[in-house]
Each structure stands twice: as structure tokens, then as C-alpha cells.
Amino acid sequence: MKSSPPAGLAPEKFLRQHWHRKPLLLRQAFPGFAGLLSPRELMRLACRDDAQSRLVLRHGRSWELRHGPFRAADFRGLPERGWSLLVQEVNHFLPEAERLLACFDFVPRARLDDLMVSYAPDGGGVGPHFDSYDVFLLQGLGRRRWRISAQEDRELVPRAPLRILRRFRPQREWVLESGDMLYLPPRYAHEGIAVGECMTYSIGFRAPSHQELLTGFLDHLAESIHTPGMYEDPGLRRQREPARIGAPMLRQVQAVISGLRWRRGDILRFLGCQLTEPRPHVFFSPPRSPVTRSRFSARCRRRGVRLDPRTRLLYTRGIFFINGDALEVGDASAEALLRRLANERELPPGEPGAEAQALLYRWYRHGYIAG
């Protein structure tokens, strides 16, 4: 799935001058872009059990946060202004959303999080805040006023249900219209307020914390290593204070833990599995009436292959990571084909080799490939 970068954005220059550094406003980054779905369609999406959705309402100086899934009746009694509906991972449900995300492939796919879509009537927003990740804010329907600040003060309003900045001091301001886009680096304070009815498409890029990486890697090691032996103290001596942890015990346990070793390959496998691990609410369902392998092969020849929108597929050095699992591919032609599938998320009609075909069919049976 190949798409062009946003208009007016030179990827190399952007990565060198703006990525993780400073904001960038692009007028008509997507000329003629009016959005991928209507407000009513977004509300229907927010009613699905497998969609992550939130409703944010402002009551004067206080905020209210409601979590989905919602019912259609939940939207009927809302005020005429001052609220916002947000739906995460819209790319899991719309093929058009996947094509939009492909326009940002100048950033490694390993960093991509999801496409969030928000709808708000006049005055709606989620308050001044900052994010811990890079984000592109693409305007669809209507207009939204963005105010941003490079302020260092990130103190939050206490006891608020959202991460609202206690003191927001905007330094720059723009009104974005359909097709306009604003890039913001991490920790850049911002507030978006709807000017009339509007929808915004947020392309976010994940940035795991060091704590998440360390705890995740330790969990990975706990599942992948086996250390024989057990604690022993045949030379145990009586101690006067029975509740004290003795130095011999501490030395023995320290020696066991200090002997823990890992290699670069262990880190690589952890990282690949971690980056492709589906979120807890994401489930893959095998096809109800799966076709035979021969019919699947015929379908590949006729229609090609496309990954399920929820599938995450990454690779490095002959190892492929798909939805939290790692596998090695030894056949060069199969590896080249799977790399293309990972990069473009689809394969044109053709005849895969035996190893690639067996793997694709297995993924199809798991629900990783679109039926």
C-alpha cells in the first residue's frame, strides 16, 4: 500500500528539522480532504464493543469523562455545544484509514500507534493538555482553532478526570480548515477548540517509557529463560536474631541474580514481540468457514493478499513479528515476499512460493489476513 507524503512536506527535511523538535503547520497538506466518515458514522463506531471511545463534556470549569461503548441514546441528550467524542484505532475498521496512515510511512511503522478521530460541535474540545508522543492533527470536516505553547510548566489540574494543564499560556494560534495539518512533538502544550461542527484526525506515534521497556523485557526474560537449581544452605549456622535476613542468604541470591545474562537477540525478539503485541481489547477471529489451502492459493493468484487492519507485522534480519509472535523464515524468496507484505500491507495477485504460501495460509486461519 503505497501513498505519497502530505503535500508540502519533504520527509528528509521534516525529520531533520521538526520531528521531535518543533511544530509544523501545513496548509492543504491533503487538498480536498473532507474526512473518512461522517459524525453519525463515528457515533455508530463508538457504539461497538471492540472500539475504544470516550466522551468529554465541559461544565464551566469542570470536566466529565465517559467511556464507551455507547448507545445511540447516549448522544441524543447532549448539549448543543462544548463536548467532544473521540474514537481510537479507527484504522482497525476503515480501509481508507489504512491508506491515510500509509502517507506517513516516512516514519518507521514500529513507531506508529493509531488513527484517532474526534468529533465536536461548536466549542467542543478536551482542554489544554500535552501528549507524550508525536502527533499529526489533520482537519477533516469544519474548522478547529489550535493554540500551542512550548511552556515548561506541566502541572495538571488536581482530581480532574483528564490530564488538563493547570496553567496554559498559549504562544501561537491558528484556525485549521479541511485538509490543513499541524504536527506537534512530544510534551508540547496545546488546545483545540471546534469552530462550529468539526472532525479532527489524529495520527499518533507511540513512545514507550523506559519503565515500560525495562519491565516488559524482564517479563520477557522470565518467560524465556530457565535457571536450574534452588536455594541451598547446608552450612547453615544458628543466628541469635531469627528475624534478620542473614548475609550468607543475601550473597547467594545476589550471585544467582548477577548471573542473569542476555544477548542482543533476546532484546531484538522482545522488542519485535512487544511492538506487535495486540492491545488487550483486540481479538482475532478465525474465519467461520475457512477455505481449503488450495482454494486459498487460488484466491492469492486471483486477488492477492491483504493484512487484517488490526494486524501488526514487523521484521528484521529474517525474523518476522506478527501480533506478538516471532518466527524465522529461511527461504529467501519467502522472506522477500513477506517483507513486501509488511511494508505495503498487501500483495498483488500472484503465486507465493511453498513456504510463504504455507505461512500465509496459517495466518489466514488465525484471522491475521483479511478474508
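The expected span of a helix is 1.5 Å times one less than its number of residues. That yardstick serves the first of these close-up views, which come from a predicted model.

**View 1. Helix α6 and its span.** Helix α6 runs over residues 264–276 and contains 13 residues. From first C-alpha to last, α6 reaches 19 Å, close to the 18 Å expected. Its buried residues are Phe270, Gly272, Cys273, Leu275 and Thr276. Around them you will find α4 (210–224) together with β13 (313–316), β14 (319–322) and β15 (325–328), against which the buried residues of α6 pack.

**View 2. Helix α4 against helix α6.** Here the axes of α4 and α6 are 10 Å apart, and the two helices pack at an angle of about 110 degrees. Because of that angle, α4 is roughly perpendicular to α6. On the α4 side, look for Glu212, Leu213, Gly216, Phe217 and His220. They meet Asp266, Ile267, Arg269, Phe270 and Gln274 in α6. Phe270 is worth picking out, as it is also one of the buried residues of α6.

**View 3. Leu85 and the nonpolar cores.** The largest nonpolar core has 44 residues. The members that touch the most other members are Phe30, Leu85, Phe104, Leu115, Phe136 and Ile203. Apart from this core lies another, of 25 residues, including Cys300, Val329, Leu341 and Ala356. Back in the largest core, take Leu85 as the centre of your view: leaving aside residues up to four places away in sequence, Leu85 touches Leu42, Met43, Ala46, Arg54, Leu55, Phe70, Phe75, Val117, Ser118 and Tyr119.

**View 4. Asn91 in its loop.** Asn91 is found between β4 (83–87) and α3 (95–102), in the loop that lies between them. Its relative accessible area is 7%, so Asn91 is buried. Not counting residues up to four places away in sequence, the contacts of Asn91 are Ala97, Glu98, Leu101, Asp114, Leu115 and Pro309. Leu115 also appears in the list of core residues that touch the most other members.

**View 5. Helix α8 and its surroundings.** With 13 residues, α8 reaches 18 Å from its first C-alpha to its last, close to the 18 Å expected. Ala334, Glu335, Leu338, Leu341, Ala342 and Glu344 are the buried residues of α8. They pack against β12 (305–306), β13, β14, β16 (346–347) and α9. If you follow the chain just past α8, you come to Arg345, which takes a positive phi of about 65 degrees.

**View 6. Helix α8 crossing helix α9.** Helix α8 (residues 332–344) and helix α9 (residues 354–366) have axes that come within 8 Å and cross at roughly 40 degrees. The two helices are therefore oblique to each other. α8 passes α9 in a right-handed crossing. From α8, the contact is made by Ala334, Leu337, Leu338 and Leu341. From α9, it is made by Glu355, Ala356, Leu359, Leu360 and Trp363. Two of these contact residues, Leu341 and Ala356, are among the members of the 25-residue core.

**View 7. Gln357 in helix α9.** Gln357 lies in helix α9. Buried means under 20% relative accessible area, so Gln357, at 11%, counts as buried. Beyond residues up to four places away in sequence, Gln357 touches Arg293, Phe296, Ser297, Glu351 and Pro352. Arg293 is 64 residues apart from Gln357 in sequence, and their C-alpha atoms are 8.7 Å apart in space.

Technical notes: Residues are numbered from 1 along each chain as its sequence is written. This is a predicted model: local features need pLDDT of at least 70, side-chain atom pairs count only at pLDDT 80 or more; totals for chains, interfaces and linings use all residues. Side-chain values use heavy atoms; hydrogens and water are left out. Helices (H or I, at least four residues) and strands (E, at least two) are DSSP runs, numbered from the N terminus. Buried means under 20% relative accessible area, exposed over 50%, partly exposed in between (1.4 Å probe, protein chains only). Contact means heavy atoms within 4.5 Å. A nonpolar core is a set of buried Ala, Val, Leu, Ile, Met, Phe, Trp, Tyr and Cys residues joined through side-chain atoms within 4.5 Å. Axes are lines fitted to C-alpha atoms, for helices over the stretch in contact, and angles run from 0 to 180 degrees between N-to-C directions. Angles under 35 degrees count as roughly parallel, over 145 as roughly antiparallel, 65 to 115 as roughly perpendicular and the rest as oblique. A crossing is left-handed if the near helix is turned anticlockwise from the far one by less than a right angle, and right-handed if clockwise.
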